[in-house]
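Reader: I am new to reading protein models, and I would like to work through this one slowly. Could we look at the structure together and talk about its pockets and its overall build?

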Amino acid sequence: MADAKYVAYVSTYTRGDNLGIKIFDVDMEKGRFYLKNEVEITNSSYLTLSKNNKYLYSITDTGVEAYEILKNGDLKTLNHAGINGMRGSYLSTDYADKFLFVGSYHDGKLTVLKLNEDGSIGRITDELYHRGMGSIADRSFRAHIVCTKMTRDNKYLLVADSGLDHTNVYRLDHRNGTVKQVDVIRSEPDSAPRHIKISRDGRFVYIVHEMKNFITVHSYKEEKGLPYFEKVQTISTLNNYTSGNAAASALNFSMDYKYLISSNAGDNSVVIFNRDEETGLLSKILCLPISGSYPKDAMLFPDNKHLVSLNHESNTMTFFNVDIEKGTLAMCAKEIQVGEPNCVIFYKLAE
């Protein structure tokens with residue numbers, strides 16, 4: 001791990017220069033980033049890696065962009081594809097890298113696109129709109145798709161909708177690239193499910209809820225061709241003494257899947273959980289401030305000894321030493337100015 005070299009991809013909203021993806025060299029020893037390159041793209045709200053780690057995909061104003069990852073971590077543009085709707089907010093691939101799923105907050109639309117063998121994005125194979133009414137007029141008057149994530153067995157697509165307060169479960173037709181709803185994971189009213197992560201062995205699903213600041217843990221199995229999800233835990237992302245008006249945001253596994261990281265806007269804190277591999281249950285290690293405003297994403301470095309917080313409203317990234325055993329954070333580097341950062345991905349370079 002100490003000898004491995006990493007870059008970090010950071011997606012940002014753009015104001016004028018349109019350099020929406022920042023590429024940083026990662027200093028693992030000091031726990032900080034150094035700007036390496038920038039990629040011209042408008043309003044890169046979310047990034048995802050292909051499962052074979054060869055390609056990077058990004059949301060942009062007019063659809064989605066595909067990039068080949070070069071040996072030094074730089075990005076080579078492959079192509080652009082439209083999504084026949086309002087701009088997306090989240091994207092992910094299936095585990096065979098044959099399809100790209102794009103969810104849109106603004107119009108509640110799910111778009112499925114074919115991926116070509118060279119990593120480029122092909123035609124739309126399916127598209128559908130979530131319908132329904134939530135209970136809070138200013139947030140839930142229509143559907144808001146905020147996350148799309150395949151189960152590890154590559155059978156079902158989970159689509160979180162913060163407007164409708166549930167996660168739709170779709171069966172993927174791998175031949176045609178179409179989806180059919182077969183189940184729903186219901187959340188508490190007005191809880192706003194936001195992001196989904198799935199354990200490495202595929203047995204547990206984790207959903208962070210923005211408005212009520214908690215994570216639900218669900219066991220997953222398939223029986224007789226149908227998915228079954230059972231909620232086994234609900235755990236707060238906040239301390240007991242927190243102030244009001246907090247909103248949960250990030251959800252990331254550490255690279256070894258031992259820890260789960262989330263964050264809280266308003267409270268401006270990051271929370272790290274230990275994860276029991278056998279039961280899937282979470283236990284809180286720390287919940288501490290991040291020295292910035294609206295930590296939209298937060299991630300442990302690959303060594304689990306440092307952490308970066310992307311502070312969307314203060315336009316900064318802040319860096320910390322992490323002591324998992326003691327449950328402490330200590331700022332370890334000067335903050336970096338980045339305009340409205342959205343998400344971060346660590347990428348290991350080839351030897």
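**Pockets and overall build**

Author: In this predicted model, a good place to begin is the second largest pocket, where the largest share of the lining comes from β20, which contributes 4 residues.

Reader: Which strands each supply at least two residues of the lining of the second largest pocket?

Author: The lining of this pocket is made up of 24 residues, and those nearest its centre are Y13, S89, Y105, R194 and K296. The strands that each supply at least two of the lining residues are β16, β20, β24 and β28.

Reader: How many residues of each class are in the lining of the second largest pocket?

Author: The second largest pocket, whose volume is about 460 Å³, has a lining that can be sorted into nonpolar, polar and charged residues. Sorted in this way, the lining holds 8 nonpolar, 9 polar and 7 charged residues.

Reader: Which strand gives the most to the lining of the largest pocket?

Author: The largest pocket has a volume of about 950 Å³, and 27 residues line it, with L49, N53, K197, Y257 and I345 lying nearest its centre. At least two lining residues come from each of β4 (47-49), β8 (90-93), β16 (193-198), β20 (247-253), β24 (295-300) and β28 (341-348). The strand that gives the most, with 6 residues, is β28.

Reader: How many nonpolar residues does the lining of the largest pocket have?

Author: In the lining of the largest pocket, the polar class has 6 residues and the charged class also has 6. The remaining class, the nonpolar residues, comes to 15.

Reader: Why is the protein said to be as compact as a globular protein of that length?

Author: The secondary structure of the protein consists of 1 helix and 28 strands. For 351 residues the globule rule gives 20 Å, and the protein is as compact as a globular protein of that length because its radius of gyration is close to this value, at 19 Å.

Reader: What percentage of the residues in the protein are buried?

Author: A residue is called buried when its relative accessible area is under 20%. Among the 351 residues of the protein, the buried ones make up 59%.

Reader: What share of the accessible surface belongs to carbon and sulfur atoms?

Author: The C-alpha atoms fill a box of roughly 50 × 45 × 40 Å along the principal axes. The accessible surface of the protein comes to about 14,800 Å², and the share belonging to carbon and sulfur atoms is 47%.

Definitions and conventions
Residues numbered from 1 in each chain as written. Predicted model: local features only at pLDDT ≥ 70, side-chain atom pairs only at ≥ 80, totals over all residues. Heavy atoms only, no water. 1 Å grid on protein atoms, 1.4 Å probe; cavity = no way out; pocket = protein on both sides within 12 Å on 5 of 7 lines; lining within 4 Å. Points joined across faces, edges and corners; volume = space filled by probe spheres on them. Nonpolar A, V, L, I, M, F, W, Y, C, P; charged D, E, K, R; others polar. Rg over C-alpha atoms; globule rule 2.2 N^0.38 Å. Buried < 20%, exposed > 50% of the residue type's maximum accessible area, 1.4 Å probe, protein only. Areas by Shrake-Rupley, 256 points an atom, 1.4 Å probe, with all protein chains shown as cover.
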